[in-house]
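Trainee: I am new to this structure and would like a close look at a single part of it. Could you pick one residue and walk me through its surroundings?

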Amino acid sequence: MTIHDHTLRKLGRAWGTLATPQLTDLVGDFEASYVGRPLRAVAPRGLALVGLPRWYGKRFAASPNRPGTLDGQNLLRPTRGAGLTETLPMSAAIGSSLADGRPALLVTYPADGPRPWRWVRDEFRPWHPDGVLLGMTFVDVPGLRRAPGTPFVLTRARTG
C-alpha cells in the first residue's frame, strides 16, 4: 500500500504518528503529487491561479548563510524543451507543527512574497525512509491557523 492509497482523513490522522524529521530529509529535488480525487482535480488549477502553473515540486539545499536552515525554490515543468524552472523562493527549518506542536520540517515564504504565499506554511514529516514525505499545507493567519492542513506528497526525484 502506498501513501496514495490512503484517504485524506487517514493521512490527517497519521500525521501525529510520523517520525521526527531531520533537516536533511528535505535536501534535494522532490516531485509533488496530490492525494485524494478532489485534490488531484482541483489543486493543479488552484496553484496555477496563484502563480504556480505546471507545478512540479520543490528543491532545497543547505543555506550558506543561515546554519540549520535550507534555501529552496518551487519547481515548474517546462512549457517546451527540457529542464525545470525555479520560482517562488522559500526556506525550511525544523520547528513545531501547527497541527500538533511536534517537530516538523517547516517551509515558509518571505514576508514580502506574493499573496497568498506570504501566509502559506508547508510542513513535512517522513512517511517512508525511501524519500517520501507527507506534507500538510496551512494558512498561517489568525482564524485559519487552526484549520486542518491540506495533505500532499513529496517524493525524492530520481537522478541519473
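Mentor: Let's start with K58, which is found in strand 2, the run of residues 55–62. Please keep in mind that this is a predicted model. Is K58 buried or exposed? Its relative accessibility is 1%, and because buried means under 20%, K58 counts as buried.

What does the side chain of K58 meet there? One polar contact, at 2.8 Å, joins it to the side chain of Y109. Another, at 3.2 Å, joins the side chain of K58 to that of D122. If you set aside the neighbours within four places in sequence, K58 is in contact with G28, D29, F30, Q73, N74, L75, M90, Y109, D122, F124, F152 and L154. So Y109 and D122 turn up in that list as well as in the polar contacts, Y109 at 2.8 Å and D122 at 3.2 Å, and we will come back to F124 and F152.

Now let's place strand 2 in its setting. The fold has a closed barrel of 8 strands, running 1-2-3-4-5-6-7-8 with antiparallel pairing. From one strand to the next, the twist averages 35°. As one example of the pairing, strand 6 (residues 120–128) and strand 7 (residues 132–139) are joined in the antiparallel sense over 8 bridges. D122, which we met beside K58, has T137 in strand 7 as its bridge partner.

Next come the aromatic rings. The whole structure holds 4 aromatic pairs. In one of them, Y34 and W55 have ring centres 6.3 Å apart and planes at 45°, so this pair is tilted. Y34 lies in strand 1 (residues 28–34) and W55 in strand 2, so the pair ties together parts that are 21 residues apart in sequence. Y34 is buried, with a relative accessible area of 14%, and W55 also counts as buried, at 10%.

Here F124 and F152 return: their ring centres are 5.4 Å apart and their planes stand at 85°, so this pair is edge-to-face. F124 belongs to strand 6 and F152 to strand 8 (residues 150–156), and the pair links distant parts of the chain, 28 residues apart. Both of these phenylalanines, F124 and F152, are buried. Together, Y34, W55, F124 and F152 form one aromatic cluster.

To bring it back to where we began: K58 is in contact with F124 and F152, two members of that cluster, while its side chain makes polar contacts with Y109 and D122.

Note on methods. Residues are numbered from 1 along each chain as its sequence is written. This is a predicted model: local features need pLDDT of at least 70, side-chain atom pairs count only at pLDDT 80 or more; totals for chains, interfaces and linings use all residues. Side-chain values use heavy atoms; hydrogens and water are left out. Two strands pair if DSSP finds at least two bridges between them. Helices (H or I, at least four residues) and strands (E, at least two) are DSSP runs, numbered from the N terminus. Axes are lines fitted to C-alpha atoms, for helices over the stretch in contact, and angles run from 0 to 180 degrees between N-to-C directions. Buried means under 20% relative accessible area, exposed over 50%, partly exposed in between (1.4 Å probe, protein chains only). A polar contact is a pair of N or O atoms within 3.5 Å; within protein, one must be able to donate a hydrogen and the other to accept it, and residues adjacent in sequence count only if both atoms are side-chain atoms. Contact means heavy atoms within 4.5 Å. Rings of Phe, Tyr and Trp (its six-membered ring) pair if their centres lie within 6.5 Å; planes under 30 degrees apart count as stacked, over 60 as edge-to-face and the rest as tilted.
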